[in-house]
Amino acid sequence: RALEAREAAQAPATTLDGRVIEVCANIGSAAEARLAAEQGADGIGLMRSEFLFLERHSAPDEDDQQREYQAAVEALGGKPVIIRTLDIGADKQLPYLRLPETPNPALGVRGVRLWQRHPELLDTQLRALLQVEPLEALRIMVPMVSDVGELRWVRRRLQGLAEELGLSAMPRLGAMIEVPTAALCAASLAEEADFLSIGTNDLTQYALAMDREDPGLAARADVLHPGVLRLIQATVNGAAGKCPVGVCGAAAGDPQALALLVTLGVDELSVEPARVPAVKAALRQLDARALADELPAWLMLEDGEAVRQRLTDWYERVQ
Ligand code: PEP
Ligand code: MG
């Protein structure tokens, strides 16, 4: 029995209607990458590199970073590993990077916006990433992108550094979709990006103008709000035929939400390592083609609560 469960966790997840969905893991360190591999993750969908930078007196140097990224890639044995460049500025601050006070940090200079002010920090991180082997397994992801120019700027820096290092191969470069305009303009981002990954935690916060840290709003800041779902749909449609789309926010591991994400056309889900087996099991029970028939009406419902109710009823009917 235990062996069967282990084999099921390691096998790819195919839905009842025959779609293979990659189930990857979100991690904060190479140690967690090993855990993810044990749980059967098909790769890493989000390594939050900021954990390497927190609780220290100075930024980790190129060698320290390279070792950690290399260890994460090795733990996955050739499967794809998406490492996100430092995402700092809103809820997370660094003691050695004195950022000016801003009245509304969630809307301030954070994520990729910070790099234009502190390019040396980004260059160190990109150099460390470029020295990971094999580069084919590595994907670099840029947080908080609002338009394609930001991604082009990072790619130019990456190319410049790769030349300095004498590299001929380049890792794939992708963008997070967390800003509503990025979701709506996904087609132009997909021209430049090798992949897109929807950060539903921030996308929900910005779409509904509800602080993700505010416990008083937690019940209403719902990824299943039809307005948020339409942004996810816009992302998938915009990227169609150009690049794959994943989800790495908490919604990817939510048993109700993940069914809708896959039905909307998402190719990859990235979840906490311990949730990988349960998410694969849920996908194997899902008939996304049947659910797709319901979707257009659900996207016109009035709130997230109504969508959840429809989903609950649907599951009762099909099971
Ligand atoms: C997100 O915003 O959904 C996400 C995955 O990034 P983080 O939670 O680190 O902001
Ligand atoms: Mg985010």
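1. Helices here are DSSP runs of at least four residues and strands are runs of at least two, both numbered from the N terminus. In this predicted model, strand E3 (44-48) and helix H10 (200-208) each contribute at least two residues to the shell around ligand 1, and H10, with three residues, gives the most.

2. As to confidence, the protein has an average pLDDT of 95, and 99% of its residues score at least 70. For the complex, the predictor reports an ipTM of 0.99 together with a pTM of 0.97. Where pLDDT is low, predicted coordinates should not be read in detail.

3. The surroundings of ligand 1 comprise 13 residues, of which Arg-48, Arg-84, Gly-199, Asn-201 and Arg-212 come nearest. Sorted by class, the shell holds six charged, four polar and three nonpolar residues.

4. Several polar contacts to oxygen atoms of ligand 1 can be listed individually. In the side chain of Arg-48, an N or O atom is placed 2.8 Å from an oxygen atom of ligand 1, while for Asp-202 the corresponding distance, again from an N or O atom of the side chain, is 3.0 Å. Thr-200 takes part through its backbone, where an N or O atom lies 3.1 Å from an oxygen atom of the ligand.

5. On burial, ligand 1 taken alone exposes 290 Å², and the protein buries 97% of that area.

Methods:
Residues are numbered from 1 along each chain as its sequence is written. Chains are lettered from A and ligands numbered from 1 in the order in which they are written. This is a predicted model: local features need pLDDT of at least 70, side-chain atom pairs count only at pLDDT 80 or more; totals for chains, interfaces and linings use all residues. Side-chain values use heavy atoms; hydrogens and water are left out. A residue is near a molecule or strand if one of its heavy atoms lies within 4 Å of it. A polar contact is a pair of N or O atoms within 3.5 Å; within protein, one must be able to donate a hydrogen and the other to accept it, and residues adjacent in sequence count only if both atoms are side-chain atoms. Accessible areas come from the Shrake-Rupley method with a 1.4 Å probe; for residues, only the protein chains shown count as cover. Ala, Val, Leu, Ile, Met, Phe, Trp, Tyr, Cys and Pro count as nonpolar, Asp, Glu, Lys and Arg as charged, and the others, Gly among them, as polar. pLDDT is the predictor's confidence in each residue, from 0 to 100.
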